[in-house]
Amino acid sequence: NCSLSNEPVLPKNIILMIGDGMGLSQISAAMYTNDNFLFLEEAKHIGLVKTHSHSSIITDSAAGATAFSTGEKTYNGSINMSIDTVPLTPITNNLNKANIKTGIIATSSVTHATPACFYGNQVNRYGVGEDLATQFLQSNIHVLMGGGEDYFNNRSDNLNLTDSLKKKGYIMIDSIIDVVPPGTEKLINFCAPKEPKSKHDGRGDFLTLATKKAIDVLNTKNNNGFFLMIEGSQIDWGGHDMDSDYIISETLDFDKAIKEVLEFAKNDKNTLVLITADHETGGYGIIGGDMKKNTIKTSFLNDDHTATMVPLFAFGPMANHFIGIYDNTEVYKKILTLFNLSHK
Ligand code: MG
Ligand code: ZN
C-alpha cells in the first residue's frame with residue numbers, strides 16, 4: 001500500500017452556498033414543516049461562524065459577504081472596502097488569476113450586497129447598482145445569474161452593458177429554462193429587471209435550474225477547478241418582514257439547490273460544498289407546532305439582523321476543516337488554503 005494514497009486530497013472545486021439571514025431557527029422551521037427533513041442534513045461536518053463586523057456586533061450583509069470574499073472584517077455597508085475605505089481584492093479575482101473559474105448566483109439582483117461582494121468595490125452598498133454592473137464587466141467571472149438586468153441595459157448613462165458582455169464572450173439566455181449551447185464557458189441569465197419575485201409569488205425553480213446550469217458550464221473544459229457562490233437571498237427578506245411562511249418557502253427553495261449541489265459533489269468526489277449564512281435575521285424562534293401537520297408556531301425578537309452565530313455545514317474533501325467555532329473571515333482563508341493558494 002503506497003503511502004501517497006493516504007495523503008489528503010485537496011478539492012478541485014468549492015461551492016459556497018450562503019443563505020442570507022439563515023440561522024438555526026430558519027433551518028429548523030423549514031425542516032419541521034417539511035416532514036422533518038432537509039437535503040442539507042447530508043453535510044455532516046458542522047461548525048459555527050461568528051458574524052460580527054468591524055463596526056458592530058450586528059453585521060449587515062455587505063460586511064458579512066466582504067468577510068467571506070476578502071478575509072477582512074469591515075464596517076456595515078461596505079462592499080469590499082477596508083475600514084479606511086481602501087479597496088479589497090474579491091476572492092474571485094485571486095481565483096481567476098490562478099485559472100480557477102468562478103460563478104455567482106443569487107435570488108436577488110446580482111448587484112445586491114451579497115453577490116456584489118464577489119466582484120465589486122463600493123464605499124456604500126446603497127444606490128450603486130449601475131456602478132456595480134460596470135465593475136462586473138471588468139471582472140473575469142464566468143457565470144452570473146440573478147436579477148438586476150436594468151443595471152446593465154436600462155441605465156441613466158444609456159450604455160448597454162449586455163452588448164459589452166456579449167462582446168466579452170458571454171452567452172446570454174433570456175430564460176433559465178433555455179438551452180445552453182454545448183461548450184459554453186461563460187454564461188449570464190437575468191431573471192428579473194430588478195429584484196426577482198419571491199418563491200411564493202412565482203419565482204419558480206430558478207435557483208435549482210441556475211445551479212444546475214452554472215455547474216455544467218463551470219465544469220466544461222476545466223482542468224483547474226471552479227468556485228461558485230450560490231445565495232438564497234430572500235430568506236433574509238422573510239426575516240425583515242417577520243413573515244415565517246416567507247422564510248420557510250425561501251429556505252426550502254435553497255434546500256432544493258443544496259440537493260442539486262450535493263448530487264453533483266457526490267458524483268464528482270472532488271468538490272467541497274460549504275453551506276452557511278452571513279448572519280441571522282429576526283431573532284426568529286420556534287415556540288410550538290405540530291409535526292404531524294407540518295406546522296409550527298414562531299416568534300421574532302425584531303425585524304432586523306441579530307448577532308447569534310450561524311452554522312456552517314461542509315460536505316466533500318477537507319470538510320473536516322470546517323468544524324469548530326471561528327470567524328467569518330476564516331472561511332475566506334480556508335477556501336484559499338484548500339485551493340492551494342496563499343493568503344495574508
Ligand atoms: Mg444577500
Ligand atoms: Zn437583511
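Aspartate 20 has a relative accessibility of just 3%, so it counts as buried. This is a predicted model, and that aspartate is a handy way into its two metal sites.

**The magnesium site**

Asp20 (OD) coordinates the magnesium ion (ligand 1) together with Thr114 (OG1) and Glu231 (OE), at 2.0 to 2.2 Å. Written along the sequence, the spacing of these donor residues is D-x93-T-x116-E. Aspartate 20 sits in the loop between β1 (13-19) and α1 (24-32), while threonine 114 belongs to helix α4 (residues 113-116), so the two tie together parts of the sequence 94 residues apart. Threonine 114 is buried too, at 1% relative accessibility.

**The zinc site**

Over at the zinc ion (ligand 2), Asp236 turns up twice through OD, joined by His240 (NE2) and His305 (NE2), with distances of 2.0 to 2.3 Å. What makes the arrangement irregular? The four donor atoms subtend angles of 58 to 152°, whereas a tetrahedral site would need all angles between 85 and 135 degrees.

The donor residues here follow the pattern D-x3-H-x64-H. Histidine 240 is in helix α10 (residues 235-240) and histidine 305 in strand β12 (residues 305-306), so this pair links distant parts of the chain, 65 residues apart. As for burial, histidine 240 is partly exposed at 28% relative accessible area, and histidine 305 is buried at 8%.

Here are the accessibilities of the donors discussed above:

| Residue | Relative accessibility | Class |
|---|---|---|
| Aspartate 20 | 3% | buried |
| Threonine 114 | 1% | buried |
| Histidine 240 | 28% | partly exposed |
| Histidine 305 | 8% | buried |

Methods:
Residues are numbered from 1 along each chain as its sequence is written. Chains are lettered from A and ligands numbered from 1 in the order in which they are written. This is a predicted model: local features need pLDDT of at least 70, side-chain atom pairs count only at pLDDT 80 or more; totals for chains, interfaces and linings use all residues. Side-chain values use heavy atoms; hydrogens and water are left out. Donors are N, O and S atoms within 2.8 Å of the metal (3.2 Å for Na, K and Ca); water is not among the atoms, so sites may look incomplete. Four donors count as tetrahedral if all angles lie between 85 and 135 degrees; four count as square planar and six as octahedral if opposite donors are over 155 degrees apart and all others between 65 and 115; anything else is irregular. Helices (H or I, at least four residues) and strands (E, at least two) are DSSP runs, numbered from the N terminus. Buried means under 20% relative accessible area, exposed over 50%, partly exposed in between (1.4 Å probe, protein chains only).
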